[in-house]
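User: Can you walk me through this one? I'd like to start with the sheet and then go over the charged pairs.

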Amino acid sequence: MQLIAVIGAGTMGNGIAHVFAQSGFEVNLVDLDPSVLERGTLTISKNLDRLIAKDKITEEDKDQTLARIHKFTALEAAVVKASIVVEAVSESEHLKTRIFESLSQYCDPETILATNTSSISITKLAASVRNPERVIGMHFMNPVPLMKLVEVIRGYSTSDEVCAQIMQVAQQLGKVAVEVNDYPGFVANRILMPMINEAIESLFEGVAGVEEIDTVMKLGMAHPMGPLQLADFIGLDVCLAILRVMHEGLGKPKFAPCPLLVNMVTAGKLGVKSGEGFYDYRESKKAEKVSARFLKV
C-alpha cells in the first residue's frame, strides 16, 4: 500500500488525511505546530464519530482509520519514504514554494508532489523542484470527507503518467476526478469567486441584505448554501487571496476584490474560523447579519 504524506493539519489537511486513511492508505500527517497537529487529529476522530452515528462506518473502521495516521512535526521524516505528497498549507505562493523546494531535496525522484492549492499556478510551483513533471494539483473541496469533487490540475510539465496515477488515486478515495489545465482559479474558483465577489458587491451597494442575498441564491438557484455564507465557510481571507491571484493573472476587472471584502479581512472578520464574517458565529443562536457600518449606502 502506498504511503501518503499530507503537509498541513488544518481544515483541508486533516480532511485529506482522513479520506486517504479511511480508504486504506498509510498516512503521515505533518505540521510544524504540535497544537495544530493535535487539533487536526481530534477533528478526524470527531468526523469519524459522526459517520458512526449515521451507521456509515463501525467503531472498528474508526480505530483502523486512526491507526493508519502517523503524526510528524518534522517535514523530512514525514515525506522521505512517501510515494505521494499532498501539500495543504495556507494559500501563500511564497510558503508553498519554500515547501516544494524542500520536498525536492527530501523526496525520492519518483515521488509525486501534489498541491491542494485553490488558485496558485502549478507550473510556478513545479519550477522550484528538480522533477517538474512529477508536480500536479489535487484541489479537494471542503469539507473533504463529504465533497465528491477533486480538480486534478496539470502544470505545463506534468506528465501523462502522473496525471493518470492521480486520477486513479482520486477514484480510490471515492472521489470524482476532473482534469483541468493550469490557469488562475482553474475551473471551480474561476466561476465561484466572481459569483461570491458579486454577492459582496450587491451587499456593499445596498441592493439587499445578507440573508436576502443568500435566500435568493438558495431558493431561486437551488444552491445548497448562499454565496455569503459560503464565503464565511471558505474563509474571507482565502476568497480575497484567490481573487487577487486571478485579478493579477488574468487582468480582468471582474476579478478585482470588492472593497467590503478587503476591509473585512483587514479587520480580522474572516468568517467561521474567526467567529464573525457576514454572519456571527460566536453564539449558538441564529447568525446575525454583518454590521451596517461596513456597507456602502
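**Sheet and salt bridges**

Analyst: Sure. Keep in mind that this is a predicted model. One place to begin is strand S7, residues 149-154, which runs parallel to S8 and is joined to that strand by six bridges.

User: Which residue stands opposite Arg154 in that pair?

Analyst: Asn181, in S8.

User: What's the strand order in the sheet?

Analyst: S3-S2-S1-S4-S5-S6-S7-S8. The sheet is open, has eight strands and shows mixed pairing.

User: Which strands stand at the edges?

Analyst: S3 (69-72) and S8 (176-181). Each has a single partner strand, so one side of each lacks a neighbour in the sheet.

User: And what's the twist from one strand to the next?

Analyst: The average is 25°.

User: Which strands does helix H5 touch?

Analyst: H5, residues 93-106, packs on the sheet and touches S1 (3-7), S4 (84-87), S5 (112-115) and S6 (135-140). Its direction makes about 170° with that of S5.

User: What about H7, which strands does that helix lie across?

Analyst: S4, S5, S6, S7 and S8. H7 spans residues 160-172 and runs at about 175° to S7.

User: Switching to charges. How many salt bridges does the structure hold?

Analyst: 13. One of them pairs the side chains of Glu87 and Lys96, at 2.4 Å from N to O.

User: Is Glu87 buried or exposed? And Lys96, buried or exposed?

Analyst: Glu87 is buried, because its relative accessible area is 0%, under the 20% cut-off. Lys96 is buried as well, at 1%.

User: Which residue does Lys124 form a salt bridge with?

Analyst: Glu93. Their closest N and O atoms are 3.9 Å apart. This pair links distant parts of the chain, with Lys124 in helix H6 (residues 122-126) and Glu93 in helix H5, 31 residues apart.

User: How accessible are Lys124 and Glu93?

Analyst: Lys124 is partly exposed, with a relative accessible area of 47%. Glu93 counts as partly exposed too, at 36%.

User: Where does Arg134 sit in its pair with Glu161?

Analyst: In the loop between H6 and S6. Glu161 is in helix H7, 27 residues apart from Arg134. The N to O distance in that salt bridge is 4.0 Å. Arg134 is buried, with 7% relative accessible area.

User: Last one. Which residues do shared partners join into one network?

Analyst: Lys269, Glu276, Asp280 and Arg282, through salt bridges that share partners.

Definitions and conventions
Residues are numbered from 1 along each chain as its sequence is written. This is a predicted model: local features need pLDDT of at least 70, side-chain atom pairs count only at pLDDT 80 or more; totals for chains, interfaces and linings use all residues. Side-chain values use heavy atoms; hydrogens and water are left out. Two strands pair if DSSP finds at least two bridges between them. Helices (H or I, at least four residues) and strands (E, at least two) are DSSP runs, numbered from the N terminus. Axes are lines fitted to C-alpha atoms, for helices over the stretch in contact, and angles run from 0 to 180 degrees between N-to-C directions. Contact means heavy atoms within 4.5 Å. Buried means under 20% relative accessible area, exposed over 50%, partly exposed in between (1.4 Å probe, protein chains only).
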